[in-house]
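Colleague: I would like a close look at one part of this model, the nonpolar patch on the surface. Please start there and then go through the other local features in turn.

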Amino acid sequence: MKSYLSILLLACACTMAAQETAVLDSTDVFFRHIELKQVVVTGPTGAVKMQDMSMPAGIVDRNRLRMTPATNIVDAVAKLPGVSQVSTGSGISKPVIRGLGYNRVVVVADGVRQEGQQWGDEHGVEIDANAVSSVEVLKGPASLLYGSDALAGVLKLNTDPVVPLGKMRLNVNSEYHTNSGLVNYSFNFGGNKQGLSWNIRYGDKFAHAYKTPIDGYVPNTQFRERALSGMLGINKAWGHSRLTGSYFHLTPSIAEGERDPLTGKLVQPYTDAKTYHHGLPYQQVYHYKAVFDNSFYLADGRFNAVLAYQQNRRQEFEEPDQYGLYLKLHTVNYNIHYVTRRLGDWRITSGVSGMWQRSLNEGDEFLIPDYSLFDFGAFITTTANIGNWALNGGMRYDNRHLNSHELMDDGDLRFQAFKRNFGGFTASIGAVWHATEQLDLRLNAARGFRAPNISELASNGVHEGSLRYEVGNRDLKPEFSLQFDLGAEFTTSWMDAQLSLFSNRIDNYIFIHRTGEVIDDEFMTYRYDSGDAQLLGGEFAVDIHPWHFLHLGTSFSLVNAVQLHQPEDSKYLPFTPAPRWQSDIKWEILHDGRVLNNVFVSLGVDHNFKQNHYYRTDNTETATPAYTLLNAAIGTDIMCKGRRVACVSIMGTNLTNEAYQNHLSRLKYADVNPVTGRQGVLNMGRNIIFKLAIPLEF
């Protein structure tokens, strides 16, 4: 830990300091020092310029997303310092911010928080990556805006902005990955005529098993996604009113990593490892969503009201066309708030938000009980710009009522009925001092709140996708965190440097661990418990661009997460990402050409240090060796009569075909190879990606 902190502090001293406000990746910062002053994000007090954000935040724009090799939207964002992912193969990813994930990260899409049973390990975020035009990342407690669960931060996924008045746009996108045979294509058509706006999109993505350098293809890692969405709205001088509907269908096979006891080879259920058809077991995950978004300009401010309905269906199949587990979740979201015009130097936002949920078991296997939930929160926030200072703060109260129902299984009591009520106050206060034109200094303090979810409280059954028997704990208390952030940003015409340090103390931190008990000679038992935790770390990034066509970037991120007052074996929190260093060079070969425009080539190195801070008790986790990945990319815009008609790029990841395991890969804990002694399944080997985008406007 001391050596990692030394690296971080040395980097700070060498570059005169900075904070990580929007430099999320060194591959997208050529003109960031020019654009940053105008970037607007969703802060603790509503829309705010990036330079005035006291809370660590950043934005990843469309170009950055387009040039990122990824299999889903979380995979793309996880390339950023301070952000990582819990993954299952190549198709399933869950976001982790500064060492915290699952129900501690709120994902917002179409203006509402995504609710898809995010406590589950074996399915990702039900979002069509093709529909995301930019991503905002808030690092740290964001309970002021989103209430319970935003303890670690927020991923806000923005869709395409409304097409300018009088215009229509058609976009066609496609890509192919050589390793997993992934094929992805989407069509999008939108327009805006006399204030009537519309947008419709269809996307399809499918992949066969991915390949590793040692084991070859990994059985049952194929998946398929289908997505359809549409928006119809009215945009006038008084504001806007928009109705959005979406459908998402994911069919992932469930990889179990079983091996032949004699040869050690992965058991292959198909003669052809490159089949695109799902294997056994597999899942069917459906997500339906309707959002009614309204904004009205009034004489003294703006009134916003967002209502939404979501339905998530999750089925697990162990036999062809015969599901065992079937969970159906209904969610109604509401968010109503009022933003005043500036009252002198101040602006105030106040409102209420929350949700109602109902979850039902429709299958004949059970992991959690039926339950209903009602969540309510009221908040007030304020922001001000006074001289060289940008100030913000606010407070909120949340109450969550959970009613879990009794369930009988073959005449036996499987789940006992109970009720729990959770409430908590949260607050945030921060300031940015624009010390000079080049230097900004930031300080923020925030208190977060998270109520235990139904899985943590009441699980009692085999979690097939996780290959374990899970037991809940009804005595769990809500989590409360207190996080301090200190940061700085130094910007000149040829360099950008950012530093962000944080300290996060969490009371009643909830985690799952092995108990040592085995059920049915097959499934290890895991139980939810809690304790107090302390997380320390930060991110550092510097980008040097001595000429407009060349930039050299590097970043380092670190989090050390410990459970207080525990022995060495149970000291470190499970699923803590390893320290990571990233560095790259990008060269713009040709700019403003007649046929080829924005031609570039880049080379990057991604090094993950050894993770030997892990939860050892009952073999819950194991250490993970260090590894280094080499990546490269080349791309260009194709022009015709001064207009861009296509964007073409070729990217390569893990070009040296490194055999490695990421510490947050769930397949790391699959069967042990009896021949080599290595446990689990490796991450993906060499992968070449071809992308083509055709944008048309008329």
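Modeller: What follows is a walk through the patch, a sheet, a buried residue and the cysteines. Keep in mind that the model is predicted.

The nonpolar patch lies on the surface and is formed by L196, L232, I234, W238, F296, L298, F303 and I336. Together these residues have about 660 Å² of accessible area. Two elements give two or more residues to the patch: strand 16, residues 223-236, and strand 18, residues 282-298. One of the patch residues, F296, is found in strand 18. F296 has a relative accessible area of 31%, so F296 is partly exposed. A patch residue needs over 30% relative accessible area, and F296 has 31%.

Another phenylalanine, F490, gives a second case to read. F490 lies in strand 30, which covers residues 479-491. The relative accessible area of F490 is 15%. Buried means under 20%, so F490 is buried. F490 and Q438 are 52 residues apart along the chain, yet their C-alpha atoms are separated by 5.4 Å.

Next comes a sheet. Five strands make up an open sheet in the order 3-9-10-7-8, and the pairing is mixed. At its edges are strand 3 (57-60) and strand 8 (112-113), each of which pairs on one side only. Inside that order, strand 7 (residues 105-109) pairs with strand 10 (residues 153-158) in the parallel sense, over five bridges. A109 stands opposite L157, a residue of strand 10. In general, the strands of a sheet pair through backbone hydrogen bonds, and the pairing is either parallel or antiparallel.

The cysteines are the last topic. How many disulfides does a search of the whole structure find? The search finds zero. C640, for instance, is in no disulfide, and the nearest cysteine sulfur to it, that of C647, is 14 Å away. Seen from the other side, the closest cysteine sulfur to that of C647 is in C640. Why is there no bond between C647 and C640? A disulfide needs the two sulfur atoms within 2.5 Å, and the 14 Å between these sulfurs is therefore too far for a bond.

Are these two cysteines buried or exposed? C640 is partly exposed, because its relative accessible area is 42%. C647 has 5% relative accessibility and so counts as buried.

Terms used:
Residues numbered from 1 in each chain as written. Predicted model: local features only at pLDDT ≥ 70, side-chain atom pairs only at ≥ 80, totals over all residues. Heavy atoms only, no water. Helix = DSSP H or I, 4+ residues; strand = E, 2+ residues; numbered from the N terminus. Buried < 20%, exposed > 50% of the residue type's maximum accessible area, 1.4 Å probe, protein only. Pairing = 2+ DSSP bridges. Patch = residues over 30% accessible without salt bridge, like charges linked within 9 Å, V, L, I, M, F, W, Y side chains within 5 Å. Areas by Shrake-Rupley, 256 points an atom, 1.4 Å probe, with all protein chains shown as cover. Salt bridge = Lys/Arg side-chain N within 4 Å of Asp/Glu carboxyl O.
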